[in-house]
Amino acid sequence: QVQLMESGGGLVQAGGSLRLSCAASGRTFSRYAMGWFRQAPGKEREFVAVISWSGGSTDYADSVKGRFTISRDNAKNTVYLQMDSPKPEDTAVYYCAAGGLVSTDRYTYAYWGQGTQVTVSS
């Protein structure tokens, strides 16, 4: 049982930066791979980034590679998504998720936060 809560979303100008946070509580945070997903209006929820339980492995969607960085601080039970040079097409509700596998498949994640809105203006 893990509870997740995202924060840090809001309005940002294209070319700026934003950092999302996801705080975890419940079972030991360190045992889970952590992923970020997003969902824009009229679109399905899509993979953004994932990080292994140790932080040693990461993977990103091609659409954000080179611009976004996922990291985690297990001592703080928190995972982050640093969004650099965001684009209007990055506008979506961003969700963090916890699972037992380092995966791009949302169906492998058992625990989800409620989401935080990110809006990128041009």
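**Exercise 1.** In this predicted model, four strands form an open sheet. State in which order the strands lie and how they pair, then find which strands stand at the edges.

*Solution.*
Step 1. Reading across the open sheet, the order is 1-3-8-7, and the pairing is antiparallel.
Step 2. Strand 1 (2-7) and strand 7 (68-73) each have a single partner strand, so one side of each lacks a neighbour in the sheet; these two stand at the edges.
Step 3. On average, neighbouring strands of this sheet are turned by 15 degrees against each other, direction ignored.

**Exercise 2.** Describe how strand 7 and strand 8 pair, and name the residue of strand 8 that R72 stands opposite.

*Solution.*
Step 1. Strand 8 covers residues 78-84 and pairs with strand 7 in the antiparallel sense, over six bridges.
Step 2. Within strand 8, the residue opposite R72 is V79.

**Exercise 3.** Locate the disulfide of the structure, give its handedness, and decide whether C22 and C96 are buried or exposed.

*Solution.*
Step 1. A disulfide is a covalent bond between the sulfur atoms of two cysteines.
Step 2. Searching the whole structure gives one disulfide. It joins C22 to C96, with an S to S distance of 1.9 Å, which is within the 2.5 Å cut-off.
Step 3. C22 lies in strand 3 (residues 17-26) and C96 in strand 9 (residues 92-99); the pair links distant parts of the chain, 74 residues apart.
Step 4. The torsion about the S-S bond of C22 and C96 is about 50 degrees, so the disulfide is right-handed.
Step 5. Buried means under 20% relative accessible area. C22 has 0% relative accessibility and therefore counts as buried. C96, at 0% relative accessibility, counts as buried.

How values were computed
Residues are numbered from 1 along each chain as its sequence is written. This is a predicted model: local features need pLDDT of at least 70, side-chain atom pairs count only at pLDDT 80 or more; totals for chains, interfaces and linings use all residues. Side-chain values use heavy atoms; hydrogens and water are left out. Two strands pair if DSSP finds at least two bridges between them. Axes are lines fitted to C-alpha atoms, for helices over the stretch in contact, and angles run from 0 to 180 degrees between N-to-C directions. Buried means under 20% relative accessible area, exposed over 50%, partly exposed in between (1.4 Å probe, protein chains only).
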